[in-house]
Each structure stands twice: as C-alpha cells, then as structure tokens.
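Let's take a walk through this one together, starting with a helix and moving out to what surrounds it. Keep in mind as you look that this is a predicted model.

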Amino acid sequence: MGTAGDAAEAEQPAPEPKRAAARTLVFTYGTLKRGFSNHGLLQDLALDGDASFVGAATTASRLPLVCGPYRVPFLLNLPGAGHRVSGELYAVTPRGLERLDELEGVSRSHYERLPISVLLAEGAQVDAVAYYAHRGYAADLWARSGEKGYPEYSPAVAAGYIRRKDRPQQLTFLEQIRVFVSSPS
C-alpha cells in the first residue's frame, strides 16, 4: 500500500525537454567576418553552440561604413548616407551576444547594438542587430571621413589595421577615437 508521498511523486509532471536558446540574428561587417582578426570569437561561439553562420547579407538601406583609428571599422547609424554595406549574418544565443557585447565594448560606449534590416543573398529581408559606432562620436567619424564610406570592409580597406593588443595602451579606446576625429584627415 502506497503512502501519500508516493501518490504525489506519481502525479509530478515529466521534466520539460530542453529548448534551444532563442537566437538573435547579428549582422557583421568588419573584423568579425571570416578572414578578419576577430572572427576567431565567432568560431569559438560556433564550437560552443552559441553562433551559426546564416549567410552573406547586405544592409537594406544605405549606411556609412568608415574606418577610425587603426583602421577599425565602424558602421554609422546615419540612414541614407553611405552605401548598402556587405557583410555576414550569424544566429547567436544570448550567451553569445554577451561575449560579442564585451568584444564590442557596449558597456564602455564603444559600440551600440541596434536593430538593422538586411537582405540575404536570395533576396529575403530580415531583421537583425548590428554593432554601430556609439552615437556620442558617430557624426564626428563621418565628418572625419569626408562623408565618404565603403560598401565593404575588404582586405584592401582593412590594410593597416592594428590589433587591440598592439595599439598604444596609455589611452582608452574612446580617447583614441577623440584624438583621431580631431586630427586632420
């Protein structure tokens, strides 16, 4: 004869199957793309199941893509200026987004993760996010570039890029940007 505790155990629902973490589409346009210096992070995320390549993509609207200090690429949230920018689209878990946010300095006001619409190679338009230059200096970067941008961060555009570890360490990245935008082009 069973006890009341046995009956309660029998009525417990079966554990729910683990659901795959919701993924956010992330448009990459610079050093996170395949063949560039920060792509290793996306490779690590893919190995951990936190990112997967979706395909080539292009911004649905024209946006400026410029290079800042050390040939660091910046997408500027100035719709209608610049070009439709080519890049890559990844599906990323919340844990993967945290690591991308850290790389992009979101909490330090280096970049902002904001919505973007992109076109996939087959023509479908999808909503994603991208890391834009922080609004605190984006207009200054656009002016410093002579209001000219690039349609793609290619190896030729990236020539002269200096990795973070090889940059002067006595200035913060924001200080490096301020020096760059205040210098003659």
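Start with helix H2, residues 39-47, where the buried residues are His39, Leu41, Leu42 and Leu45. Those buried residues sit on the same side of H2, because they cover an arc of only 155 degrees around the axis. The general rule behind this kind of pattern is that an α-helix has 3.6 residues a turn, so residues three or four places apart point the same way.

So what covers the buried residues of H2? The cover includes strand E1 (24-28), strands E2 and E5, and helix H3 (94-103). Just past the helix, take a look at glycine 49: this residue follows H2 and has a positive phi, near 80 degrees.

Now for strand E2, which spans residues 51-59 and runs antiparallel to E5, residues 86-92, with seven bridges joining the two. To find your place in that pairing, look for threonine 58, which stands opposite serine 86 in E5. E2 is also joined to strand E6 (residues 111-120), again antiparallel, by three bridges. Here the spot to look for is threonine 59, whose bridge partner in E6 is valine 118.

Finally, hop over to helix H6, residues 173-182, and pick out glutamine 176. Is glutamine 176 buried or exposed? Its relative accessibility is 6%, so glutamine 176 counts as buried, the cut-off being under 20%. Setting aside neighbours within four places in sequence, glutamine 176 is in contact with Pro69, Tyr70, Arg167, Pro168 and Leu171.

Conventions:
Residues numbered from 1 in each chain as written. Predicted model: local features only at pLDDT ≥ 70, side-chain atom pairs only at ≥ 80, totals over all residues. Heavy atoms only, no water. Pairing = 2+ DSSP bridges. Helix = DSSP H or I, 4+ residues; strand = E, 2+ residues; numbered from the N terminus. Buried < 20%, exposed > 50% of the residue type's maximum accessible area, 1.4 Å probe, protein only. Contact = heavy atoms within 4.5 Å. Arc of directions from axis to C-beta.
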